[in-house]
Amino acid sequence: MVAKKEELVVFGLPQNTAGALAYVLGWLTGLVFLLSEKKNGFVRFHAMQSLMFFATLTVASFVPVIGWLLSPLLMIVGFIAWLVCVYKAYNGEEFELPIAGKLAKKQLAKMK
């Protein structure tokens, strides 16, 4: 039995590893992987979702008064979402966060 050769994408990484790493530093790694990968839809989706979700959390935490009060809750939600996204991407799933996932797919469709 011959093992299937895994497709290498951005930075010479397998797509599941690249998809998971798109979340590691939040919107920053999302942006790096989005700009670096031009063909692989799996990696581009996870990079865009990371960029959208974590950029929104970052901006929301700096909104005067409301953002400051909600910041502890946003950090907990962000951490849980981060863990789930890394896990799902590493397992090869195109897991869609409720709002950010839909926006990511919509934005990627516009970029084609």
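A salt bridge, as the term is used here, is a side-chain nitrogen of Lys or Arg within 4 Å of a carboxyl oxygen of Asp or Glu. A search of the whole structure turns up four of them, and we will visit several on the way. The structure is a predicted model, in which local features need pLDDT of at least 70 and side-chain atom pairs count only at pLDDT 80 or more, while totals for chains, interfaces and linings use all residues. Residues are numbered from 1 along each chain as its sequence is written, and side-chain values use heavy atoms, with hydrogens and water left out.

Let us start with the overall picture. The protein has five helices and zero strands, so from the N terminus on its elements read α-α-α-α-α; here helices (H or I, at least four residues) and strands (E, at least two) are DSSP runs, numbered from the N terminus. Along its principal axes, the C-alpha trace spans about 60 × 30 × 20 Å. Of the 112 residues, 36% are buried, where buried means under 20% relative accessible area, exposed means over 50%, and partly exposed lies in between (1.4 Å probe, protein chains only). Contact means heavy atoms within 4.5 Å. Among the contacts with a separation of 6 or more, 59% are between residues 24 or more positions apart.

Now find helix H4, which covers residues 66–90. Its 25 residues reach 34 Å from the first C-alpha to the last, close to the 36 Å expected at 1.5 Å a residue; the expected span is 1.5 Å times one less than the number of residues. Where does H4 kink? The kink, of about 45°, is centred on Pro 72; the bend at a residue is the angle between axes fitted to the seven residues ending there and the seven starting there. Several residues of H4 are buried: Gly 67, Ser 71, Gly 78, Ala 81, Cys 85 and Ala 89. A general point helps when you look at such a list: an α-helix has 3.6 residues a turn, so residues three or four places apart point the same way. The cover over the buried residues of H4 includes helix H1 (15–21) and helix H3 (41–61). After H4 comes Gly 92, with a positive phi near 80°.

Helix H3 offers a good look at the inside through Val 43, which sits in that helix. Val 43 counts as buried because its relative accessibility is 0%. Leaving out residues up to four places away in sequence, Val 43 touches Val 9, Val 10, Gln 15, Ala 18, Gly 19, Phe 33 and Glu 37. Val 9 is 34 residues away along the chain, and its C-alpha atom is separated from that of Val 43 by 8.4 Å.

Next, turn to the outside. The accessible surface of the protein comes to about 7,300 Å², and 73% of it belongs to carbon and sulfur atoms; accessible areas come from the Shrake-Rupley method with a 1.4 Å probe, and for residues only the protein chains shown count as cover. On this surface, Phe 11, Leu 21, Val 24, Leu 25, Trp 27, Leu 28, Leu 31, Val 32 and Leu 35 form a nonpolar patch with about 800 Å² of accessible area together. Patches are made of residues with over 30% relative accessible area and no salt bridge; like charges are joined within 9 Å, and nonpolar side chains (Val, Leu, Ile, Met, Phe, Trp, Tyr) within 5 Å. Helix H2 (residues 27–36) gives the largest share of the patch, five residues. Leu 35 in H2 is exposed, at 54% relative accessible area, whereas Leu 28, also placed in H2, is partly exposed at 41%.

Finally, back to the salt bridges. Side chains of opposite charge can pair when their charged atoms come close. Lys 88 and Glu 93 meet in one such bridge (3.3 Å, N to O); Lys 88 is partly exposed at 22% relative accessibility, and Glu 93 is partly exposed at 34%. Glu 94 and Lys 105 form another (3.4 Å, N to O). Because Glu 94 lies in the loop between H4 and helix H5 (100–111) and Lys 105 lies in helix H5, the pair ties together parts that are 11 residues apart in sequence. Glu 96 bridges to Lys 102, with the closest N and O atoms 3.9 Å apart. Lys 102 is exposed at 55%, while Glu 96 is partly exposed at 28%. Glu 94, Glu 96, Lys 102 and Lys 105 are linked in a network of salt bridges.
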